[in-house]
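Trainee: I am new to this structure and would like a close look at a single part of it. Could you take me through it slowly, in one connected answer?

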Amino acid sequence: MSTTTHRHDERRISPVFLAILAVMAVTGWAVWTDFAASPGLAVFLFVASAWIVSLCLHEYAHARTALHGGDITVGARGYLTLNPMAYTHAVLSIILPLLFVILGGIGLPGGAVFIDRDRVRGRWKHSLISAAGPLANVLFAAVCTAPFWLDALDGVPVAFQYALAFLAFLQVTAAILNLLPVPGLDGYGVVEPWLSYNIRRQVEPAAPFGFFIVIGLLYIPAVNGAFFDLVDTIMQALGVPESSRYCGLELFRFWRETPEFCQVG
């Protein structure tokens with residue numbers, strides 16, 4: 001097999017990702033057309049599949065930036081195929097974030113792809129690799145909220161508006177949490193190259209627990225309140241009403257009774 005063919009295979013989009021993308025497209029169509037017998041189930045499948053797609057894009061952004069930064073091993077690891085099963089921590093990257101969306105209704109950061117940092121030269125490149133993932137979430141949020149901040153909601157079904165609002169909320173929460181300078185998260189990865197060797201060495205043991213540190217911080221009332229105040233401010237700036245996001249969450253939880261003012265169809 002030639003080198004060119006091998007590299008092409010390393011970057012070929014995974015059938016697994018295409019299948020998830022197809023689920024997102026079909027269920028999005030079902031929400032838009034009110035085709036589904038249960039709008040809540042359609043919203044759940046649409047948001048869940050779109051959330052997994054965004055997680056794949058998040059990890060792909062890390063890998064693609066690392067590739068351009070000098071780490072040519074990301075292709076051999078399967079990171080450029082968008083296959084969620086190829087990630088170093090598939091449970092942290094996909095399963096736990098999806099579980100927390102279902103249980104808590106917020107987008108939590110997951111695990112990261114493995115980057116061979118020794119192949120990357122320059123502190124700015126290291127920082128950009130870490131920032132690329134959350135920036136993918138920011139872009140995803142911008143796309144989801146475009147009908148709101150462009151004042152282009154005419155003709156957009158209410159249920160689809162609710163789904164987009166909740167999906168955008170997940171992207172915003174994930175981006176903010178991921179950018180926290182907590183060891184193990186992308187935010188710390190952005191600042192780490194600029195820290196002294198002694199500080200990095202002292203902080204390194206806490207890196208595997210970054211996910212759980214974030215969860216613990218959210219249980220502190222003051223931190224929780226400040227976090228959601230920031231999220232609400234951003235959502236309002238993007239033109240997304242709080243009621244739309246709330247109704248999106250309520251429809252997503254199709255196994256519960258939907259409040260009367262959120263019912264559609």
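Trainee: Is Phe228 buried, exposed or partly exposed?

Mentor: Please keep in mind throughout that this is a predicted model. Phe228 is partly exposed, since its relative accessible area is 22%, and a residue counts as buried only under 20% and as exposed only over 50%. With Phe227 the value is 8%, so that residue counts as buried.

A pair of aromatic rings is described by the distance of the centres and the angle of the planes. The structure holds eleven aromatic pairs, and in one of these, formed by Phe44 and Phe254, the ring centres are 5.2 Å apart and the planes stand at 65°, so the pair is edge-to-face. Phe44 belongs to helix H3, which covers residues 39-69, while Phe254 sits in the segment after helix H11 (242-252), so this pair ties together parts that are 210 residues apart in sequence. The rings of Phe227 and Phe228 also form a pair, and because their planes meet at 75°, with the centres 5.0 Å apart, the pair is edge-to-face.

Phe228 has a place in the surroundings of a pocket as well, for it helps to line the second largest pocket, together with Phe100, Gly104, Ile106, Leu108, Ile215, Leu218, Tyr219 and Asn224. The elements that give two or more residues to this lining are helix H4 (90-104), helix H9 (210-218) and helix H10 (221-237). The space in the second largest pocket comes to about 190 Å³.

Returning to the other ring pair, we can follow its two members further. Phe44 has a relative accessibility of 16% and therefore counts as buried, whereas Phe254, at 36%, counts as partly exposed. Both are part of a cluster in which ring pairs link Phe44, Phe166, Phe169, Phe252, Phe254 and Trp255. Phe254 and Trp255 also take part in a nonpolar surface patch of about 420 Å², which they make with Val23, Leu41 and Leu45. Of these patch residues, Leu45 lies in helix H3, and its relative accessibility of 35% makes it count as partly exposed.

Helix H3 also holds Gly69, a residue that is buried, with a relative accessible area of 10%. The C-alpha atom of Gly69 is separated by 9.5 Å from that of Arg117, although the two residues are 48 residues apart along the chain.

Two loop residues complete the picture, and their backbone angles deserve a look. Most residues other than glycine have a negative phi, and most peptide bonds are trans. Leu82, found in the loop between H3 and H4, has a phi near 65°, which is a positive value in a residue other than glycine. Asp151 likewise has a positive phi, near 55°, and is found in the loop between helix H5 (123-149) and helix H6 (158-178). As for their surroundings, Leu82 is buried, with a relative accessible area of 8%, whereas Asp151, at 68% relative accessibility, counts as exposed.

Terms used: Residues numbered from 1 in each chain as written. Predicted model: local features only at pLDDT ≥ 70, side-chain atom pairs only at ≥ 80, totals over all residues. Heavy atoms only, no water. Phe/Tyr/Trp six-rings, centres within 6.5 Å; stacked < 30°, edge-to-face > 60°. Helix = DSSP H or I, 4+ residues; strand = E, 2+ residues; numbered from the N terminus. Buried < 20%, exposed > 50% of the residue type's maximum accessible area, 1.4 Å probe, protein only. Patch = residues over 30% accessible without salt bridge, like charges linked within 9 Å, V, L, I, M, F, W, Y side chains within 5 Å. Areas by Shrake-Rupley, 256 points an atom, 1.4 Å probe, with all protein chains shown as cover. Salt bridge = Lys/Arg side-chain N within 4 Å of Asp/Glu carboxyl O. 1 Å grid on protein atoms, 1.4 Å probe; cavity = no way out; pocket = protein on both sides within 12 Å on 5 of 7 lines; lining within 4 Å. Points joined across faces, edges and corners; volume = space filled by probe spheres on them.
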